[in-house]
Amino acid sequence: MNMKSIVYFSRTITPEKVLELYQKLDHSLSGKVAIKLHSGETGNQNFLGPDFFKPIIDHVGGTVVECNTAYEGTRNTTEKHLKTLEDHGWSKYFPVDLMDAEGPDLVLDIENGKHINKNYVGKNLANYDSLLVLSHFKGHPMGGYGGALKQLSIGIASSFGKAYIHGAGDPKKIWTADHNSFLESMADAASSITKHFGDKAVYVNVMKNMSVDCDCCAVAEDPCMKDIGILVSLDPVAIDQACLDLVYASEDPGRDHLIERIESRNGVLTVEASAALGIGTREYELVEID
């Protein structure tokens, strides 16, 4: 229980470095690989596109997976989301699976959940043997920050599942539920995904284009601080904690704006709750690679 998780880190931010750090793990993903990333809301200028992730996706040979959103935009219906995936170049380069394009949802049990005991995810998740989570680390209007844990929870949840998590079990309260209950519900949901895949999951966080806003925002603030680097780990809690620590340790004056966003939304609670559920540990060893 006292073991620290390894988090590989490089200040060099290139597509090739993502693949190099992944290979440092020496943890090949087997079978059919789901590659969860953010397709990017139309109009957003900060999301990381297919050119950036192409080397690692080509190497792994998996399928880019997404789910529909639960709010207005260009990704809240299957038809619109597929067009967005095409417009942003994902389906040009890679096989793409909108996992909740057709119902019914796959329902995963959540053991020891604090607020929810079911997680409604895109039913096609059942078709995959392992998971690669490619996260763009940045701020978030509700979660405070977005990283690996948000991808595991909100990202893999179906449209209904997103509302269910946001509402801490009551989808009608998608925007009105107790805020901390929402953050802890994200941890609850993430725990069902880590249990589903076991040790067949790898996490990549890219600290680039760090705005206080998420890639889900059509109108987002420009990045507020300089880029930091790429992190890779087998532990989603450790990798998010390491990213938070790197923000706090930065001497860039723009970091204060991002920290205000994280703290005003109590973003660290999702990390704390995830660690309490045994998803991973906040104790890590950061191994820096040139």
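How many disulfides does a search of the whole structure find? The count is zero, and keep in mind that this is a predicted model. The close-ups below show some cysteines, then a pocket.

**View 1. Cys 214 and Cys 216, a pair that doesn't make the cut.** A disulfide is a covalent bond between the sulfur atoms of two cysteines. To count as one here, two cysteine sulfurs have to sit within 2.5 Å. For the sulfur of Cys 214, the closest cysteine sulfur belongs to Cys 216, and the gap is 3.2 Å, so that's too far for a bond. Cys 214 is also tucked away: its relative accessible area is 1%, so it is buried.

**View 2. Cys 67, a buried cysteine.** Here the closest cysteine sulfur is again the one in Cys 216, but it lies 15 Å from the sulfur of Cys 67, so there's no bond here either. Cys 67 has a relative accessibility of 1%, which means that it counts as buried.

**View 3. The largest pocket.** This pocket holds about 310 Å³ of space. It is lined by 22 residues, and the closest to its centre are Tyr 71, His 140, Lys 150, Ile 154 and Cys 216. So Cys 216, the neighbour in View 1, turns up again here.

**View 4. What the pocket lining is made of.** Helix 5 (148-155) gives at least two residues to the lining of the largest pocket, as do strand 8 (138-140) and helix 6 (159-166). Helix 5 provides the largest share, with four residues. Sort the lining by chemistry and you get nine nonpolar residues, seven polar and six charged.

Key. Residues numbered from 1 in each chain as written. Predicted model: local features only at pLDDT ≥ 70, side-chain atom pairs only at ≥ 80, totals over all residues. Heavy atoms only, no water. Buried < 20%, exposed > 50% of the residue type's maximum accessible area, 1.4 Å probe, protein only. 1 Å grid on protein atoms, 1.4 Å probe; cavity = no way out; pocket = protein on both sides within 12 Å on 5 of 7 lines; lining within 4 Å. Points joined across faces, edges and corners; volume = space filled by probe spheres on them. Nonpolar A, V, L, I, M, F, W, Y, C, P; charged D, E, K, R; others polar.
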